[in-house]
Amino acid sequence: MDEQDQLAEVVDTGDGAESAVEQWEKPLPEPKQKALELLVAGRSVAETAREVGVGRTTMFRWMRSDPHFQAAYNRWQHEAEASCYSRLLALMDKAVDAIDMSLVTGDAKVAMQLLKGMGMVKERPAGPTNAMEVLKRQIVDRQRRSNAMKREAAEVARDEAELGF
């Protein structure tokens, strides 16, 4: 039984939830921890894979499908966002003055760039930092995609039946 099946059982039945939480919040193994550190430092996926000693496809699998890796990466994103937000708050008065001057002089482009830089325009929140939550979202997303594909297949079948195929 793989991790997703185990989580699905815990989610469905509620049995053993406490031990499952402990299992899901374990530290990353050394290669994954090193990969995370390299990615956070700005290394590319290819460079990170070479340095860690795994293939690029393994790196992409960790990034897309490994709830532990995703949760650790999301925790880093939360920390980075909090740090940036604190720094931006310290610059808020200057930014408001710059926006004011830009608007007074008719330079709305600069004002918009500042707003985007402050995350005021189209902010993308980081994902969950708990591996179990990441996996739950993955399961729900897969179910939604599966249901959408089933609905589309049913629509195609109806259309084909109407057209006599």
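## Close-up views of an all-helix chain

**View 1. Helices H3 and H5 pack against each other.** Helix H3 (residues 30–40) and helix H5 (residues 56–65) meet at an angle of about 85°. Their axes lie 12 Å apart. H3 is therefore roughly perpendicular to H5. On the H3 side, the contact uses Pro31, Lys32, Ala35 and Leu39. On the H5 side, Met59, Trp62 and Met63 take part. Sorted by class, this contact of H3 with H5 holds six nonpolar residues, no polar residues and one charged residue. Like the other views, this one shows a predicted model.

**View 2. The whole chain sets the scene.** The chain has nine helices and zero strands. Read from the N terminus, the elements run α-α-α-α-α-α-α-α-α. The chain has 165 residues, and 23% of them count as buried. Its accessible surface comes to about 11700 Å². Carbon and sulfur atoms account for 54% of that surface. Now take the contacts between residues at least 6 apart in sequence: 59% of them join residues at least 24 apart.

**View 3. Helix H4 crosses helix H5.** How do the axes of helix H4 (residues 45–52) and H5 cross? They come within 8 Å and cross at roughly 110°. Angles from 65 to 115 degrees count as roughly perpendicular, so H4 and H5 are roughly perpendicular to each other. H4 brings Val45, Ala46, Thr48, Ala49 and Val52 to the contact. H5 brings Arg56, Met59, Phe60, Trp62 and Met63. By class, the contact of H4 with H5 divides into eight nonpolar residues, one polar and one charged.

**View 4. A nonpolar core draws on several helices.** The largest nonpolar core has twelve residues. They are Leu28, Ala35, Leu36, Leu38, Leu39, Val45, Ala49, Val52, Met59, Trp62, Phe69 and Ala72. Which helices each supply at least two residues of this core? H3, H4, H5 and H6 do. The largest share, four residues, comes from H3. In soluble globular proteins, nonpolar side chains tend to be buried together. Look next at alanine 72, one of the core residues. Setting aside residues up to four places away in sequence, alanine 72 touches Leu28 and Leu36. Both of these partners are listed in the core too.

**View 5. Asparagine 74 sits in helix H6.** Helix H6 covers residues 67–90, and asparagine 74 is found there. Is asparagine 74 buried or exposed? Its relative accessibility is 11%. Buried means under 20%, so asparagine 74 counts as buried. What does asparagine 74 touch, leaving out residues up to four places away in sequence? Its partners are Ala126, Gly127, Pro128, Thr129 and Val134.

**View 6. Leucine 88 meets residues far along the chain in sequence number, Gly117 and Met118.** Leucine 88 also belongs to helix H6. Its relative accessible area is 25%, so leucine 88 is partly exposed. Leucine 88 touches Gly117 and Met118, again not counting residues up to four places away in sequence. How many residues separate leucine 88 and methionine 118 in sequence? They are 30 residues apart. In space, the two are 6.6 Å apart, C-alpha to C-alpha.

**View 7. Alanine 108 lies in helix H8.** Helix H8 spans residues 108–117, and alanine 108 is part of it. Alanine 108 has a relative accessibility of 47%. The partly exposed class runs between 20% and 50%, so alanine 108 counts as partly exposed. Which residues does alanine 108 contact, leaving aside its neighbours within four places in sequence? Ser102 and Leu103 are in contact with it.

How values were computed:
Residues are numbered from 1 along each chain as its sequence is written. This is a predicted model: local features need pLDDT of at least 70, side-chain atom pairs count only at pLDDT 80 or more; totals for chains, interfaces and linings use all residues. Side-chain values use heavy atoms; hydrogens and water are left out. Buried means under 20% relative accessible area, exposed over 50%, partly exposed in between (1.4 Å probe, protein chains only). Contact means heavy atoms within 4.5 Å. Accessible areas come from the Shrake-Rupley method with a 1.4 Å probe; for residues, only the protein chains shown count as cover. Axes are lines fitted to C-alpha atoms, for helices over the stretch in contact, and angles run from 0 to 180 degrees between N-to-C directions. Angles under 35 degrees count as roughly parallel, over 145 as roughly antiparallel, 65 to 115 as roughly perpendicular and the rest as oblique. Ala, Val, Leu, Ile, Met, Phe, Trp, Tyr, Cys and Pro count as nonpolar, Asp, Glu, Lys and Arg as charged, and the others, Gly among them, as polar. A nonpolar core is a set of buried Ala, Val, Leu, Ile, Met, Phe, Trp, Tyr and Cys residues joined through side-chain atoms within 4.5 Å.
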